[in-house]
Amino acid sequence: SGISLEFWLDKNGFIAADESDRQIICDLWNNGTWGNADYGRFRVELSGTATGEMPPNFHIELLSGSSGFTSGQISDPNPTLIMSASSLTGSWNHFALTFENHGTSMSGQLYQNGNLVYSINTGSTMGIISGPMMGQIGSLIAPVSGNQGARSFGLLSASLDEVRFWKTRRTAQQIGM
């Protein structure tokens with residue numbers, strides 16, 4: 001059980017003045033209404049600073065109804081999940097994000113080039129998402145709603161390759177390069 005997202009990313013920081021500070025890697029959504037029991041979304045955003053002072057962060061929304069977590073403000077009712085990568089080097093890096101329920105919590109891991117760089121256990125679990133899912137790579141499939149409000153479409157200013165979504169949690173051995 002669980003889910004995983006793997007991809008190769010080539011991005012040299014956040015350097016352009018007109019570049020969004022939150023850029024979408026992948027957005028999967030079931031066309032449900034935010035805050036309702038039928039809502040399901042898995043969104044991965046990349047953020048950073050133009051000066052490169054901090055490592056890049058992956059902001060994750062993984063919700064089934066109101067269960068799961070969101071990358072919104074810390075005051076949101078759902079836990080905030082922000083996973084930090086070690087760096088963006090301006091060359092190709094392989095990233096893998098994995099998530100799985102464990103009893104009353106969910107674990108998440110971020111791998112960069114086959115190495116575990118971030119791990120978290122939340123106090124929330126994820127339910128089953130019903131209905132067909134639609135997906136988009138490199139921008140939002142639909143505006144984000146709820147507490148976060150509508151944002152721009154978060155266009156990705158980078159190169160992606162071999163984007164893979166798995167309906168299971170991939171292990172470190174499967175991810176390893």
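**Pocket, strands and buried charges**

Trainee: What volume does the largest pocket have?
Mentor: The structure is a predicted model, and every value here is computed from it. A probe the size of a water molecule, rolled over the atoms, shows where empty space is left. For the largest pocket, the volume comes to about 480 Å³.

Trainee: Which residues lie nearest the centre of that pocket?
Mentor: The lining of the largest pocket consists of 18 residues. By kind, they divide into 11 nonpolar, 5 polar and 2 charged. Those nearest the centre are Gly2, Ile3, Met126, Gly127 and Ile129.

Trainee: Which strand gives the most to the lining of the largest pocket?
Mentor: The strand in question covers residues 92-102 and supplies 3 residues to the lining. It also runs antiparallel to β1, with 8 bridges between the two. The strand is β7.

Trainee: In what order do the elements run from the N terminus on?
Mentor: The protein chain has 1 helix and 11 strands. The strands come before the helix in the order of elements. Written out, the order is β-β-β-β-β-β-β-β-β-β-β-α.

Trainee: What share of the contacts in the protein chain, at a separation of 6 or more, comes from residues 24 or more positions apart?
Mentor: The chain has 177 residues, and buried residues make up 45% of them. Among the contacts with a separation of 6 or more, the share from residues 24 or more positions apart is 60%.

Trainee: How many of the residues of β1 are buried?
Mentor: Strand β1 covers residues 3-10. It pairs with β7 over 8 bridges and with β11 (residues 159-166) over 6 bridges, also in the antiparallel sense. The strand is mostly covered, and the number of buried residues among its 8 is 6.

Trainee: Which residue in β11 stands opposite Asp10?
Mentor: A bridge pairs one residue with a partner in the other strand; in β7, for instance, the partner of Trp8 is His94. The pairing of β1 with β11 is antiparallel. There, the residue opposite Asp10 is Ser159.

Trainee: Is Glu6 buried or exposed?
Mentor: Glu6 lies in strand β1. Its relative accessibility is 4%, and the cut-off for burial is under 20%, so Glu6 counts as buried.

Trainee: With which side chains does the side chain of Glu6 make polar contacts?
Mentor: Glu6 touches several residues beyond its neighbours in sequence, among them Phe95, Val163, Arg164 and Ile175. One polar contact of its side chain has a length of 3.1 Å and goes to His94. Another, at 3.3 Å, goes to Trp166. The two partners are His94 and Trp166.

Trainee: Which side chain is joined to that of Arg43 by a polar contact of 2.7 Å?
Mentor: Arg43 lies in strand β3 (residues 40-47). With a relative accessible area of 0%, Arg43 is buried, because burial means under 20%. The side chain joined to it at 2.7 Å belongs to Glu45.

Trainee: How far apart in space are Arg43 and Ile60, C-alpha to C-alpha?
Mentor: In sequence, 17 residues separate Arg43 from Ile60. In space, their C-alpha atoms are separated by 5.7 Å.

Trainee: What is the distance in space between Ser20 and Leu156, C-alpha to C-alpha?
Mentor: Ser20 is in the loop between β1 and β2. It is partly exposed, since its relative accessible area of 23% falls between the 20% and 50% cut-offs. Ser20 and Leu156 are 136 residues apart in sequence, while the distance in space is 8.1 Å.

Trainee: Which residue stands opposite Gly108 in β9?
Mentor: β8 (residues 105-112) and β9 (residues 115-122) pair in the antiparallel sense over 7 bridges. They form a hairpin with 2 residues between them. Opposite Gly108 in β9 stands Ile120.

Trainee: Which residue in the turn of that hairpin has a positive phi?
Mentor: The residue is in the loop between β8 and β9, and its phi is near 50°. It counts as partly exposed because its relative accessibility is 30%. It is Asn113.

Trainee: What is the phi of Asn31 near?
Mentor: Asn31 is in the loop between β2 and β3. It is exposed, because its relative accessible area of 52% is over the 50% cut-off. Its phi is a positive value in a residue other than glycine, near 70°.

Technical notes
Residues are numbered from 1 along each chain as its sequence is written. This is a predicted model: local features need pLDDT of at least 70, side-chain atom pairs count only at pLDDT 80 or more; totals for chains, interfaces and linings use all residues. Side-chain values use heavy atoms; hydrogens and water are left out. Two strands pair if DSSP finds at least two bridges between them. Helices (H or I, at least four residues) and strands (E, at least two) are DSSP runs, numbered from the N terminus. On a 1 Å grid over the protein atoms alone, a cavity is a set of points where a 1.4 Å probe fits but cannot get out, and a pocket is an open set with protein on both sides within 12 Å along at least five of seven lines; lining residues have an atom within 4 Å of a point. Grid points are joined across faces, edges and corners, and a volume is the space filled by probe spheres set on the points. Ala, Val, Leu, Ile, Met, Phe, Trp, Tyr, Cys and Pro count as nonpolar, Asp, Glu, Lys and Arg as charged, and the others, Gly among them, as polar. Buried means under 20% relative accessible area, exposed over 50%, partly exposed in between (1.4 Å probe, protein chains only). A polar contact is a pair of N or O atoms within 3.5 Å; within protein, one must be able to donate a hydrogen and the other to accept it, and residues adjacent in sequence count only if both atoms are side-chain atoms. Contact means heavy atoms within 4.5 Å. Lists of a residue's contacts leave out its neighbours within four places in sequence.
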